[in-house]
Amino acid sequence: MTANFAVGYALTVSKTGTGSVTSSPAGIDCGSTCSANFASGTVITLSPVVSGSNLFTGWSGACTGTGACSVTMSAAQNVTANFAVGYALTVSKTGTGTGSVSSSPAGIDCGSTCSANFASGTVITLSPVVSGSNLFTGWSGACTGTGACSVTMSAAKSVSANFATQFVLTVSKTGTGTGSVSSSPAGIDCGSTCSANFASGTVITLSPVVSGSNLFTGWSGACTGTGACSVTMSAAKSMSANFDVRGAITPVNLSNLAGAVGSTAYFSFNVPAGASNLVVKTLGGTGNVDLLVRASALPTNSIFQCESHAAGNNETCTFATPLATTYYILLDGILEFSGVTLTASYTSATLNNPGSLGFTAISMSVRENAGNAVITVTRTGGSDDVASVSYSTSAGSAVAGVDYGSVAGSLTWGSGDASDRSFSVPIINNTIRNQGSRVFTVNLTNATGASLLSTSNMAVRINDDEIISMPWLNLLLLDD
Ligand SMILES: [Ca+2]
Ligand SMILES: [Ca+2]
Ligand SMILES: [Ca+2]
């Protein structure tokens, strides 16, 4: 009988964290059996076994890295397996659209991998990925909003990403006028951006924007009427906004108007306060047009202040005391018509004309020994109603109290009074020679009842009155 004994060595496994290690060939199940003897030369493969959401983070000792650990038993070997506490991050997807979610650091690619375990304390950033007509509309669960989603793995976490399908909304414009269309929520500004994608189910309000002599006369397509329009994005939608030129010139006088049977054309004009005897007419040409007029809103065939529907084109609407508002005209093509003239006229209110207050010049001169500068203020262009204005002086090269005396006060006019008013500014004489001229200003302010002329400031020049001291000049004069 022969007994064979082989040389053997011990393989010892240690652990940090929670997990276990098995060996192939068997012998280690650590767990509880963390050391075993193997014959010299045997190659032992060690495998980490994790539990729950915990993580194997790598080998140390006789193995390194996180891959398979193989040791050759040429000596006693020690291997440490490191485990960390981990938590599951789970992503779900909701909504009518399709999309995927990826994570950084990697682990989630949902798509198909919608759950992964990450070490406690790791910060995970989730990003939505969309394509085609799909739209990411926001997070729920451990993230909110529509921006980047970061979660810190302090516990198991769940995040839901909502994807919607979106549909295109297209606005076109028709008519002879110009205008634009804007949307709320933003997206359409047509203008130039007449098409945009919106998430399924979104309610979009479209508003026409007109300026100057243009008029919005209504929607067609997915919108109707003449006001703001709301559509729900349950499919691709399109609508057309019609803008017409309005009769911006008041009174309206447009000629050679034409239209087909069933056509509608709109015009508008403004009537000022106090106007009377508004008359709107169509006349001339051939065919049969009817006239409808409405204050402050577009007329329809059932809502109007005046409808004139004679045979032919001669129609008249009269308003003895029109409102101070925009009046709208509808020309309704009962038959085809052409060569028609449209006029609107009214009598303007007789408005009081209180005229304007001001100086007659922008400058004047006075001699130093004149005693006073007498300043005249005129009321020109009208004299209705009472009027008043304040006057004052302000120094320039002329000094108040040295060259002139400051004054301030007011001038008044009664209704119908257009006569001149004046005030005096004392001029201070002296005996100083060769002073040249000095200037101060008189000013008009706070006009009431009447307006101020542009000549509301005037420069007053004080000229020296002393004999010029030039001996050679005296000699020259004596020479005669
Ligand atoms: Ca008619
Ligand atoms: Ca003098
Ligand atoms: Ca002087």
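# Exercises on a predicted protein model

The structure is a predicted model. Its secondary structure consists of one helix and 39 strands.

**Exercise 1.** Set the radius of gyration of the protein against the value for a compact globule of 480 residues.

Solution. Step one: a compact globule of 480 residues would have a radius of gyration near 23 Å. Step two: the protein has 48 Å instead. Step three: look at the box that the C-alpha atoms fill, which is roughly 170 × 95 × 40 Å along the principal axes.

**Exercise 2.** State what share of the residues is buried, and what share of the contacts with a separation of 6 or more links residues 24 or more positions apart.

Solution. Begin with burial: a residue counts as buried if 20 or more other C-beta atoms lie within 10 Å of its own. By this cut-off, 30% of the 480 residues are buried. Then take the contacts with a separation of 6 or more: residues 24 or more positions apart account for 71% of them.

**Exercise 3.** Work out which strands form the edges of the open sheet with the order 18-17-20-22.

Solution. First, the sheet has four strands, and the pairing is antiparallel. Next, strand 18 (189-190) and strand 22 (229-232) each pair on one side only, and these are the edge strands. Strand 22 is joined to strand 20 (residues 203-209) by four bridges. Finally, Ile204 stands opposite Val231 in strand 22.

**Exercise 4.** List the assigned domains and give the separation of the centres of domain 3 and domain 4.

Solution. The assignment gives domain 1 (8-84), domain 2 (87-165), domain 3 (253-347) and domain 4 (356-463). Taken over C-alpha atoms, the centres of domain 3 and domain 4 are 55 Å apart.

Terms used:
Residues are numbered from 1 along each chain as its sequence is written. Chains are lettered from A and ligands numbered from 1 in the order in which they are written. This is a predicted model: local features need pLDDT of at least 70, side-chain atom pairs count only at pLDDT 80 or more; totals for chains, interfaces and linings use all residues. Helices (H or I, at least four residues) and strands (E, at least two) are DSSP runs, numbered from the N terminus. The radius of gyration is taken over C-alpha atoms; the globule rule is 2.2 Å times the number of residues to the power 0.38. A residue is buried if 20 or more other C-beta atoms lie within 10 Å of its own, exposed if 12 or fewer, and partly exposed in between; C-beta atoms are placed from the backbone. Two residues are in contact if their C-beta atoms, placed from the backbone, lie within 7 Å. Two strands pair if DSSP finds at least two bridges between them. Domain bounds come from an automatic or database domain assignment.
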